2 protein chains.
Amino acid sequence: MSLLIIGSVAFDAIETPFGKTDKIIGGAATYISMVSSYHTNNINLVAVVGEDFPEEHINLLQKMGVDTEGLQIKEGEKSFFWSGRYHNDMNSRDTLVTELNVLENFDPVIPSSYQDCKYLMLGNLSPQVQHTVIDRLENRPKLVAMDTMNFWMDIALPELTETLKKIDVLIINDEEARQLSGEYSLVKASRKIMEMGPSYLVIKKGEHGALLFHENNIFSAPALPLEEVFDPTGAGDSFAGGFISYLAKTDDISFENMKRAVIYGSAMASFCVEKFGTERLIGLTNKEIENRVQAFISLSSVDISLSI
Amino acid sequence: MSLLIIGSVAFDAIETPFGKTDKIIGGAATYISMVSSYHTNNINLVAVVGEDFPEEHINLLQKMGVDTEGLQIKEGEKSFFWSGRYHNDMNSRDTLVTELNVLENFDPVIPSSYQDCKYLMLGNLSPQVQHTVIDRLENRPKLVAMDTMNFWMDIALPELTETLKKIDVLIINDEEARQLSGEYSLVKASRKIMEMGPSYLVIKKGEHGALLFHENNIFSAPALPLEEVFDPTGAGDSFAGGFISYLAKTDDISFENMKRAVIYGSAMASFCVEKFGTERLIGLTNKEIENRVQAFISLSSVDISLSI
């Protein structure tokens with residue numbers, strides 16, 4: 001099924017205890033699109049870059065099966081640039097540079113060939129832009145999933161609240177869920193957030209896995225215990241990409257299938273952190289992915305006979 | 001199979017955001033024994049209290065099936081007392097009072113009727129005392145499990161290191177595993193710790209579940225997402241009690257069965273935190289326990305067909 005992805009396509013410069021990169025390709029929509037390419041060839045990208053963005057990166061996305069008709073290239077402008085340094089624990093980071101550049105006035109244009117989209121993934125962007133994309137689709141997609149971050153809760157909560165009313169699945173981390181709901185208990189937080197609009201909520205907990213909430217159902221996915229997290233950049237976006245593209249591929253939005261989508265998302269995120277930036281997401285084989293999914297399943301499988 | 005439990009039997013005074021208690025019954029061996037009573041009636045306790053310890057508490061343990069012949073009552077002395085205040089997030093706490101009292105010179109005496117023990121649970125105590133218990137058993141138990149804490153790593157690391165060589169299963173939390181190994185990655189930490197002696201390692205992660213390590217195998221158990229943690233005191237000891245008593249009951253120390261033991265431990269810990277102190281651990285029914293175990297299994301069960 002067709003999948004529409006919106007988000008940033010950008011430059012990142014990353015420093016971790018293992019080394020540092022120059023400006024490399026990054027951005028939520030880049031990670032989501034690349035990861036999605038392993039599940040579906042029907043990927044439509046809406047994003048914006050400056051004229052400084054190398055054609056080879058756009059060619060790479062196209063080669064991976066991403067339709068870039070909706071990728072605007074702004075003459076005389078610069079691409080979004082983020083630079084950050086991770087601390088030793090890899091769970092926290094300092095932002096060194098944020099240059100919004102083309103993102104400042106991003107007006108998302110949906111090509112007419114994208115209008116039939118059944119699955120929509122709103123990568124992390126201003127909630128107004130996310131809302132605009134939903135408004136500009138002639139037909140509501142079968143499923144709208146969205147990522148956001150604490151930054152938007154701080155500076156654009158009213159707009160975020162409006163956008164949340166329009167979506168089906170919200171994908172955020174535990175800290176963001178606590179901030180958005182004002183509740184420390186994630187069970188209470190999930191209830192409050194689902195009252196704001198989304199009927200499904202995924203809470204990513206980094207090295208502790210992820211939780212999926214829907215009505216009174218909860219699914220807990222483990223994280224793969226890793227020797228080393230090399231670079232966490234893009235892990236959340238890779239999760240979102242694995243999640244939404246598995247749903248688009250299987251075209252089944254039951255809770256049971258969403259559980260599988262969470263495992264696929266977790267598997268793709270576990271690849272992402274093994275190398276810098278998007279490096280590990282290029283050239284994966286289906287066998288590697290299935291083996292990783294199998295590792296996730298084995299990790300938490302237990303066979304207990306109960307007398308009840 | 002017979003289970004020998006050693007640890008503190010003590011008074012606690014607890015403050016949480018939900019309220020505070022007077023001096024109530026506490027101590028690692030109290031929690032471990034009470035929880036174990038749901039799996040086996042062959043529980044032998046080695047501990048020490050002062051003459052201030054109420055007979056009704058000892059009677060309660062006996063009524064739950066705990067043999068207290070090894071519980072020394074020291075005339076003219078006072079029982080161990082700990083008082084703490086939990087912060088709002090329930091993940092951190094301040095110790096307000098620690099009075100070692102009878103624990104200061106605890107010389108564990110093993111009654112001859114306890115000598116046949118097959119399963120030994122060394123609750124958190126000084127590593128010298130834990131070591132003494134192993135030395136005083138004529139035959140090595142089939143399985144020796146042990147809990148410890150960062151306090152002993154700070155002040156008695158050489159003694160702790162010696163004791164670790166004598167045990168099979170170490171049960172500690174993630175922070176302690178990192179301190180003991182000097183490794184942030186829990187995979188690396190587990191390898192280092194298993195080289196110190198124990199061939200099995202359980203790392204408890206509180207609201208994030210628990211990990212079981214053995215050779216190259218890893219099992220990840222979820223935590224039950226709770227509306228509210230009322231009082232975390234004793235959760236780790238309840239885990240240890242559920243774990244060791246399930247093994248003693250089934251008398252099967254395969255990795256597969258240890259996975260089940262981790263689920264039972266997690267289930268018992270999840271009961272513990274629902275009320276103050278040991279309150280929730282008294283009068284549980286088998287049906288409640290099995291339902292809780294079922295909830296844990298449902299939480300992480302997912303059915304994926306892979307093509308590999």
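Trainee: Where does Asp251(A) lie in chain A?

Mentor: Asp251(A) sits in the loop between α8 (235-250) and α9 (255-272) of chain A. Keep in mind that this is a predicted model.

Trainee: What makes the phi of Asp251(A) worth a look?

Mentor: The phi of Asp251(A) is positive, about 50 degrees, although Asp251(A) is not a glycine. Most residues other than glycine have a negative phi.

Trainee: Why is Asp251(A) called partly exposed?

Mentor: Count the neighbours: Asp251(A) has 13 C-beta neighbours inside 10 Å. Exposed needs 12 or fewer and buried needs 20 or more, so Asp251(A) lands in between and counts as partly exposed.

Trainee: And Glu215(B), is that residue buried or exposed?

Mentor: Glu215(B) has 10 other C-beta atoms within 10 Å. The limit for exposed is 12 or fewer, so Glu215(B) is exposed. Glu215(B) also has a positive phi, near 50 degrees, and is found in the loop between β13 (210-214) and β14 (217-221) of chain B.

Trainee: What makes strand β5 of chain A mostly covered?

Mentor: For β5(A), residues 43-50, 8 of its 8 residues are buried. That holds for both faces: Ile43(A), Leu45(A), Ala47(A) and Val49(A) point one way, Asn44(A), Val46(A), Val48(A) and Gly50(A) point the other way, and all are buried.

Trainee: How do you know that β5(A) pairs with β1(A)?

Mentor: Pairing takes at least two bridges, and 4 bridges join β1(A), residues 3-6, to β5(A). These two strands run parallel. As an example, the bridge partner of Leu4(A) in β5(A) is Asn44(A).

Trainee: How many bridges join β5(A) to β6(A)?

Mentor: There are 7 bridges between β5(A) and β6(A), residues 66-74, and this pair is parallel too. Val49(A) stands opposite Ile73(A) in β6(A). Between the two strands, the chain crosses through helix α2(A), residues 55-63, in a right-handed β-α-β crossover.

Trainee: Which helix of chain B is mostly covered?

Mentor: That would be α1(B), residues 28-36, with 9 of its 9 residues buried. Among them are Tyr31(B), Ile32(B) and Met34(B).

Trainee: Which residues have the most contacts inside the largest nonpolar core?

Mentor: Ala145(A), Phe243(A), Ala145(B) and Phe243(B), in a core of 190 residues. Leaving out residues up to four places away in sequence, Ala145(A) touches eight others you can pick out in the viewer, including Met121(A), Leu122(A), Ile167(A) and Ile244(A). As a rule, nonpolar side chains in soluble globular proteins tend to be buried together.

Trainee: What makes up the side of chain B that touches chain A?

Mentor: 34 residues of chain B are in contact with 33 residues of chain A. On the chain B side, α7 (186-195), β14, α9 (255-272) and α10 (286-300) each supply at least two residues. The largest share, 8 residues, comes from α10(B). By class, that side has 17 nonpolar, 8 polar and 9 charged residues.

Trainee: Why is the relation between the chains called a two-fold axis?

Mentor: Look at the superposition: a turn of 180 degrees with a shift of 0.0 Å along the axis lays chain B on chain A, with an RMSD of 0.0 Å. A half turn without a shift is the relation of a two-fold axis, hence the name. The same surface serves both copies, as 97% of the contact residues of chain B recur in chain A.

Trainee: Which residue of chain B comes closest to the rotation axis?

Mentor: His208(B), whose C-alpha is at 3.0 Å from the axis.

Note on methods. Residues numbered from 1 in each chain as written. Chains lettered and ligands numbered in written order. Predicted model: local features only at pLDDT ≥ 70, side-chain atom pairs only at ≥ 80, totals over all residues. Right-handed = clockwise from strand over helix to strand, strands pointing away. Contact = placed C-beta atoms within 7 Å. Nonpolar A, V, L, I, M, F, W, Y, C, P; charged D, E, K, R; others polar. Core = buried A, V, L, I, M, F, W, Y, C linked by C-beta atoms within 7 Å. Least-squares fit on C-alpha atoms with pLDDT ≥ 70 in both.
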